[in-house]
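Open the model in your viewer and keep the selection panel at hand. The stops below go from the whole chain to single residues.

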Amino acid sequence: MSQGPRSGLAAVSSALLAMSRHLEVRDVLKTIVASARELLDAQYAALGVPDDHGGFAQFVVDGVSDAQWKAIGPLPRQHGILAAMLHEATPERLADVRKDPRFEGWPAAHPDMVDFLGLPIRDGDEVIGALFLANKNCPKPEGSCGFTEEDEELLSILAQHAAIALTNARLYERSRELTIAEERSRLAHELHDAVSQKLFSLRLTAQAAAALVDRDPSRAKDEMQQVATLAAEATDELRAAVVELRPAALDEDGLTATLRTHVQVLDRAHTARVTFAARHVRALPAAQEEAMLRVAQEALHNALRHSGAAHVDVTLDRRGSGAVLRVTDDGSGFEPKAVRRAGRHLGLVSMRDRTSGVGGTLTVESAPGKGTTIEMEVPGG
């Protein structure tokens, strides 16, 4: 087995344990490529998960800086050697990837790669990804590949375990989605059964009161009092249902992890780049965490659906014993005063109500063509 900075059984065990600790797909992919690059002492590592349209649903790299990755441009397509690994499900070990007849070049900002080792990641007969390394950190005689047969065997073991970790992560995310869908369906039925009955009774009572106004004002007054009672009961039913809608993920994972997952989903679903960063945030009271999550969701919805933004950044920072949420976009922006005068609030009323309800403050900074920043600060518990 090749002697790198961390070779041997302990290093392999450490890599496999690291993979098994993560349940989010993106975290699993990052751990796989980082572990592979370190174990085989390579300069670069990457893992691509194919989509059904000739591209990659996800593509994770290690050894390339954020600035380099941004300069490289769009995700690669399934072509050349990557396509061979995916479609033929065969390993590739090359002394110089640039001399292979399937090589089709790369973007100008792409780092130069020479020796190459790549393997498909398989779940049974299905190829669910391609893992590859480039530029082995070792002396290489002219025309020879730095990656050895032993390296290929080690990467094969890693790829097998990567398939298990990736499949488990996908199943976890799918099970969470199903749980959320089932819970929403249950609450929808409860809302319909409880609240709709109250509203039906309220409507009938109001109709009876209207019919009695002229010929029996006293009875009409009694019926109107009953209308008020039924309306109050319906409000209580709705309030109880809304309390139940507190996301289960908040209780399980906390605000930071729940926001991170939500942002990752939006980043995959929209053409805009959506990012999240959190710094030293402590756990907050349940009501404050839920309010911050709801405000973030509303602000993100506005930015992604209405502003035409290319980038939306979400940050969560500690401030004293409390926290500050900030959602910033580079979209079209608006004039807050003009929006209020026109009666279009873009969810601002709801956000302000949620913020004040937990003792916080909300500020909105925006101007036409200047993007929008929504900042919510809450005190600690």
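Accessible areas here come from the Shrake-Rupley method with a 1.4 Å probe. The model is a predicted one.

**Whole protein.** Start with everything selected and a surface drawn. The accessible surface of the protein is about 20500 Å², and carbon and sulfur atoms account for 53% of that area. Switch to a cartoon: the protein has 10 helices and 10 strands. Of its 381 residues, 40% count as buried. If you draw contacts between residues at least 6 apart in sequence, 62% of them join residues at least 24 apart.

**Helix 4.** Select residues 80-88, which make up helix 4. Seven of the nine residues in this helix are buried, so it is mostly covered, buried being under 20% relative accessible area. The buried ones are Gly80, Ile81, Leu82, Ala83, Ala84, Met85 and Leu86. To see what covers them, add strand 1 (42-50), strand 2 (56-62), strand 3 (92-94), strand 4 (116-123) and strand 5 (126-136), against which the buried residues of helix 4 pack. Then step past the end of the helix to Ala89, where phi is positive, near 55°.

**The largest nonpolar core.** In soluble globular proteins, nonpolar side chains tend to be buried together. Which residues touch the most other members of the largest nonpolar core? Select Leu259, Met292, Leu300, Val312, Leu325 and Met376; these have that role in a core of 34 residues. Two or more residues of this core come from each of helix 7 (248-269), strand 6 (273-279), helix 8, strand 7 (311-319), strand 8 (322-329), helix 10 (348-357), strand 9 (361-366) and strand 10 (372-378). Helix 8 gives the largest share, nine residues.

**Met376.** Center on Met376 and show its surroundings. Setting aside neighbours within four places in sequence, Met376 is in contact with Ala291, Met292, Val295, Ala323, Val324, Leu325, Thr355, Val358, Thr361 and Leu362. Apart from this core lies another, of 29 residues; select Ile32, Leu39, Leu119 and Ile128, which are among them.

**Gln288.** Return to helix 8 (residues 286-306) and pick Gln288 within it. Is Gln288 buried or exposed? Gln288 counts as buried because its relative accessibility is 7%, below the 20% cut-off. Where does its side chain reach? Measure from the side chain of Gln288 to the backbone oxygen of Pro379: the distance in the model is 2.9 Å.

How values were computed
Residues numbered from 1 in each chain as written. Predicted model: local features only at pLDDT ≥ 70, side-chain atom pairs only at ≥ 80, totals over all residues. Heavy atoms only, no water. Helix = DSSP H or I, 4+ residues; strand = E, 2+ residues; numbered from the N terminus. Buried < 20%, exposed > 50% of the residue type's maximum accessible area, 1.4 Å probe, protein only. Polar contact = N/O pair within 3.5 Å; in protein donor to acceptor, adjacent residues only side chain to side chain. Core = buried A, V, L, I, M, F, W, Y, C linked by side-chain atoms within 4.5 Å. Contact = heavy atoms within 4.5 Å.
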